[in-house]
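User: Could you walk me through one part of this chain up close? I'd like to look at the stretch that carries a domain annotation, and then see what sits around it.

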Amino acid sequence: MIERPIPQLRGEEKQYYADLKEHRLPYYACTACNAVYARPQEFCPSCGQGVQRRWSAGGGAVYSYTVQERAGHPYFADAVPYTIALVDFDEGFRTLADLTTQDGEPRIGQRVRVEFEDVTDEMTLAHFVAVS
């Protein structure tokens, strides 16, 4: 049996995945210019000032998506085709993850919510589910 690939965590990623483990989706907001970012960082890429970790309510809209016809890893071979989406969250940040829809192909602008999958005792991943 092929094992699921698990990200190897380093640096600020450890805190990000610790938040996912608590079923909270973090994002990062600059304390000076209010720019927001999905991934962990210590300083704002726009102005160089510090950032503050915040938590998303979990709602957003599809910005773009692609349907994967070929698995990127043998573990996912039985899952193809699957959808990967860029989602604009209500708090202003954009992030990427897999997307599940109930009624076929997703639509640009379609509302989604984040859900959490406890992959192992140590690892939780976020993914999107269409809500409209």
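Analyst: Sure! Over residues 57–117 the chain is 52% strand and 0% helix, and the C-alpha atoms at its two ends are 17 Å apart. Keep in mind that this is a predicted model. Those residues are the ones that an unreviewed UniProt entry annotates as "domain: ChsH2 C-terminal OB-fold".

Inside that stretch, have a look at strand S5 (residues 82–89) and strand S6 (residues 94–100): they run antiparallel and are joined by 6 bridges. To find your place in this pair, pick out Ile84, which stands opposite Asp98 in S6. S5 and S6 make a hairpin, with 4 residues between them. In the turn you'll find Gly92, which has a positive phi of about 105°.

Now follow S6 to another partner. S6 also pairs with strand S8 (residues 124–130), this time in the parallel sense and over 2 bridges. Here Thr100 has Val129 in S8 as its bridge partner.

For some context, go back along the chain to an open sheet of 3 strands, with antiparallel pairing and the order S2-S1-S3. Strands S2 (36–37) and S3 (51–55) are at the edges with a single partner strand each, so each has one side without a neighbour in the sheet. Strand S1 (residues 26–30) pairs with S3 in the antiparallel sense over 5 bridges, and Ala29 stands opposite Gln52 in S3. Packed on this sheet is helix H1 (residues 13–21), which touches S1 and S3. The direction of H1 makes about 130° with that of S1.

Methods. Residues numbered from 1 in each chain as written. Predicted model: local features only at pLDDT ≥ 70, side-chain atom pairs only at ≥ 80, totals over all residues. Heavy atoms only, no water. Pairing = 2+ DSSP bridges. Contact = heavy atoms within 4.5 Å. Axes fitted to C-alpha atoms, helices over the stretch in contact; angles between N-to-C directions. UniProt positions renumbered as here; feature names shortened; annotations may be inferred.
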